[in-house]
Each structure stands twice: as structure tokens, then as C-alpha cells.
Amino acid sequence: MTGSTRSSHGGAIALAAGGTGGHLFPAEALARELMARGHAVVIHTERRGAAYTAALEGIEHVVLPARSLAGGIGGKLQAAAVIGRATLQARRDLARRRARLMVGFGGYPSFAPALAARSLGLPLLLHEQATRLSMANRQLLRLAAGVATSFPQVAGLETFDPARVFHTGNPVRRSILEARADYPPFGPDQPLRLLVVGGSQSAAVFGRVVPPALLALDESLRRRLQVSLQYKGDDAGQIAASLAEAGISAQVQPFFEDMGARLADAHLLIARAGATTAADLLVVGRPAIFVPIPHGGSREEQRRNADTLADAGVGWCRPEPALTPESLAALLRELFASPTMLPDAARAAAALGRPQAASLLADAVERMLPGGG
């Protein structure tokens, strides 16, 4: 545990978040908003979430054991035992802090703290980042006193009392809020800044497809390109060298600490369609080519996110199985040749952004506190 926060409101407000940035960053944003309002806050997460040390700096947090329910009967039994231990640890921590409410941000590590909170009779507010309820939130919905959503319509809430649904948006980090800026000048003689990010898990496909697509562009386009490519592969140095040899200014790194600044400078993103990525680019107002993750538990969620944003004019959805260097190069030529397509998509993105999401979510939390905060 780190950090220390005095409260002028009594016991703590607890937040539970999975171990990915997509779950932890919104929790961080809400935590800092609540702390600024004088509330004591604690985040319950697992070891992966605790690795985001910068996000958790100055925030009380507890690292709990966690295990996915994926696998056969043996795996599920082992997961149940881990969840049981985590629930007991979370319950003890919540009781010690005299917690008043739990906010769950999804991910299987959020399940045990939510169960612990309900066992103590605490209200449970779920926050859903995507356009469809996550597996954890679906399982916890019957225990929830309220649900906050990032999008106006969220699949899975059809039978939930609409009076207990709050459309707050998805809270983003302060560095993203501070990056809000007008869309960069876009003209035939100006640089073209391309930001390629694969989320907290990175995306090997971007290392395979994006570099050859860029190399296939005409020299006049290559000379204007300034590329930031998030990539963790062993051949990152070789990719950077090949792009430089073709006249493309490129930085190839496993992670960008200054994501806000790069997002503000970008004319276009190539990205997964995770909820946090979507919230970030909407708040800053930047268009994107979305490549939803093609497998795993996030597949349906990301596909729905990408389709929703593409239908809103924010960008273009390209399923990974159909993403080839040739198809991507053709789309980039079309976008870079048009004086209106990218700026129009940027305006559509900015229109959907909710920079006040953390404040709206904190308002919802305070309304649900016993005694009204």
C-alpha cells in the first residue's frame, strides 16, 4: 500500500479495477477527482495493475490475488479458491477503512472486491467502459445499485432499471485532458503525423503490417511522414532502420510515456478499439483506423466499439484478418490525399468526447453514498 489521503467525509470510497490500463486508468482518474473533493480513496487491483506505478502514485492501493475463470473444471476450481482468498482480504481491508461504497471498473480482478463490498452491505456502482457489459460486470449486475456508462447505449442493460444508469463517459488521465488541442494543420506541404498504438498489451500485427504499408507509399508521402510506432518485437530496431532508409521519420518504442503529447500532435491513429483508447482519442479529438482484437475475451467488445465509432464518423474499422500491407496502404493514400476526410473525422471525434467524465462519475458516486455524501 502506498499514499495517504485524509477524508473530510468519513470512511473511504473503494475502487476495484482489473490489471490492464483499460481498467486501471479510469479508476485512477476517478480516484484523483474524489481525492480532490476531500474523500479518502483506495484502489483494489492485482499485480499487473500495481505495475502502473505512475498511475497509482499517491493513491492508497491494495494488491489482491487474482485468477481468471478460463480453463476446465480444475482451472475454475483453482480460480474459485483464489477469488475466495481475495474476497476475504478485500473484506478485511474495507472494514478497516470503514468503506462506504465500491466502484467496480471491470476485469476479473474486480470481482472479489465487489463481492466483499456487498457482503458488508456497501452499495456497488459498476462502471462500464465499452459498448457491451464486460463479463465481470454482467456477473455483478444483479448486485449493483447503479451502472455508469461510457457510451449512451450499452448492450446488456436492457433489463436494468434505467433510472439507475448514469451516462458519465469514460474518465481519462490528466495527461490526456491536458493534451486537448485543435486538430493540427493539414495540408499538402505539411508533415503527416501517424501514431500507432496497440494498447497496454501492444499488438504484433502492427509491427507486421504497418511498416510494409508505409514503405509502399509514394516517396512524396514518405518524406512527410512522422511515425510513432508502439511495438515490442525483437525486430524493432530493424523496422526503425528500414523506415529511416525509406525517408520516413519514425520512433519505434515498446511504450510511449508522453502519450498525451503524441496524441495531440497526431493527424491519425492506427489502434486497437479498447475503451480507454477510444476515450482518449475522443477527448483529444483525433481520427483513427481501428483494428479490433481478433481473439480472446475482448474480441466482441472491441468489434462493437470499433463499429460504433466508425458509424459515428470517427474513423474506419479494419478487421485484423483483412488487414494487409496493401489494403492499409490504399486506405492511407486515400486519407492523406483528401483535404477533408481526416479533419471531418477529427471533428466527429471531438463531438463525442467527454472530458468531464471523471467529474460526472464522481457526482454519481456522491449521490449513491449513504447519506448522500
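Here is a walk through this structure, from its overall build to its sheet and then to some of its charged pairs. Keep in mind that the model is predicted.

Let's start with the whole chain. The protein chain holds 16 helices and 13 strands. Its radius of gyration is 21 Å, close to the 21 Å that the globule rule gives for 373 residues, so the chain is as compact as a globular protein of that length. If you lay the C-alpha trace along its principal axes, the protein chain spans about 65 × 45 × 40 Å. How much of it is tucked away? Buried residues account for 54% of the 373 residues. The contacts also tell us about how the chain folds back on itself: of those between residues at least 6 apart in sequence, 66% join residues at least 24 apart.

Now look for the sheet. Strands of a sheet pair through backbone hydrogen bonds, either parallel or antiparallel. Here, seven strands make an open sheet, and the pairing is parallel. Reading across, the order is β3-β2-β1-β4-β5-β6-β7. Which strands sit at the edges? Those are β3 (60-63) and β7 (165-167), each of which pairs on one side only. From one strand to the next, the twist averages 20°.

A good place to zoom in is the pair β1 and β2. Strand β1 covers residues 13-16 and strand β2 covers residues 41-45, and four bridges hold them in a parallel pairing. One handy landmark is I13, whose bridge partner in β2 is V41. Helix α1 (residues 21-36) packs on the sheet, where it touches β1, β2 and β4 (101-104). The direction of α1 makes about 165° with that of β2. Helix α4 (residues 73-96) packs on the sheet too, touching β1, β2, β3 and β4. For α4, the angle with the direction of β2 is about 175°.

Next, slide along the sheet to β5, β6 and β7. Strand β5 (residues 124-128) pairs with β6 in the parallel sense over four bridges, and H127 has A148 as its bridge partner in β6. To get from β5 to β6, the chain passes through helix α6 (residues 135-140), and this β-α-β crossover is right-handed. On to the next neighbour: β6 and β7 run parallel and are joined by three bridges. There, V147 has V165 as its bridge partner in β7. Strand β6 itself (residues 146-149) sends its residues two ways, with G146 and A148 pointing one way and V147 and T149 the other. Are these four buried or exposed? All of them are buried.

Let's leave the sheet and follow the charges. Side chains of opposite charge can pair when their charged atoms come close. How many salt bridges does a search of the whole structure find? It turns up 17.

Take R173 and D280, whose side chains meet in a salt bridge at 3.0 Å, N to O. This pair links distant parts of the chain: R173 is in the loop between β7 and α7 (174-177), while D280 is in helix α12 (residues 275-284), 107 residues apart. Both R173 and D280 are buried.

While you are at helix α12, have a look at T277, which is found there. With a relative accessible area of 17%, T277 is buried. Setting aside its neighbours within four places in sequence, T277 is in contact with A271 and R272.

A second charged pair joins R208 and E320, with the closest N and O atoms 3.9 Å apart. R208 lies in helix α8 (residues 204-215) and E320 in the loop between β13 (315-317) and α14 (325-337), so the pair ties together parts that are 112 residues apart in sequence. Their surroundings contrast: R208 counts as exposed, at 53% relative accessibility, whereas E320 counts as buried, at 17%.

Then there is a pair within a single helix. R303 and D307 form a salt bridge, their closest N and O atoms being 2.8 Å apart. Both lie in helix α13 (residues 299-311), four residues apart, which is about one turn of the helix. R303 counts as partly exposed at 37% relative accessibility, and D307 is partly exposed as well, with a relative accessible area of 29%. Finally, look for E33, R37, D363 and E366, which are joined into one network by salt bridges that share partners.

How values were computed
Residues are numbered from 1 along each chain as its sequence is written. This is a predicted model: local features need pLDDT of at least 70, side-chain atom pairs count only at pLDDT 80 or more; totals for chains, interfaces and linings use all residues. Side-chain values use heavy atoms; hydrogens and water are left out. Two strands pair if DSSP finds at least two bridges between them. Axes are lines fitted to C-alpha atoms, for helices over the stretch in contact, and angles run from 0 to 180 degrees between N-to-C directions. Contact means heavy atoms within 4.5 Å. A salt bridge is a side-chain nitrogen of Lys or Arg within 4 Å of a carboxyl oxygen of Asp or Glu. Buried means under 20% relative accessible area, exposed over 50%, partly exposed in between (1.4 Å probe, protein chains only). A crossover is right-handed if, with the strands pointing away from the viewer, the path from the first strand over the helix to the second runs clockwise. The radius of gyration is taken over C-alpha atoms; the globule rule is 2.2 Å times the number of residues to the power 0.38.
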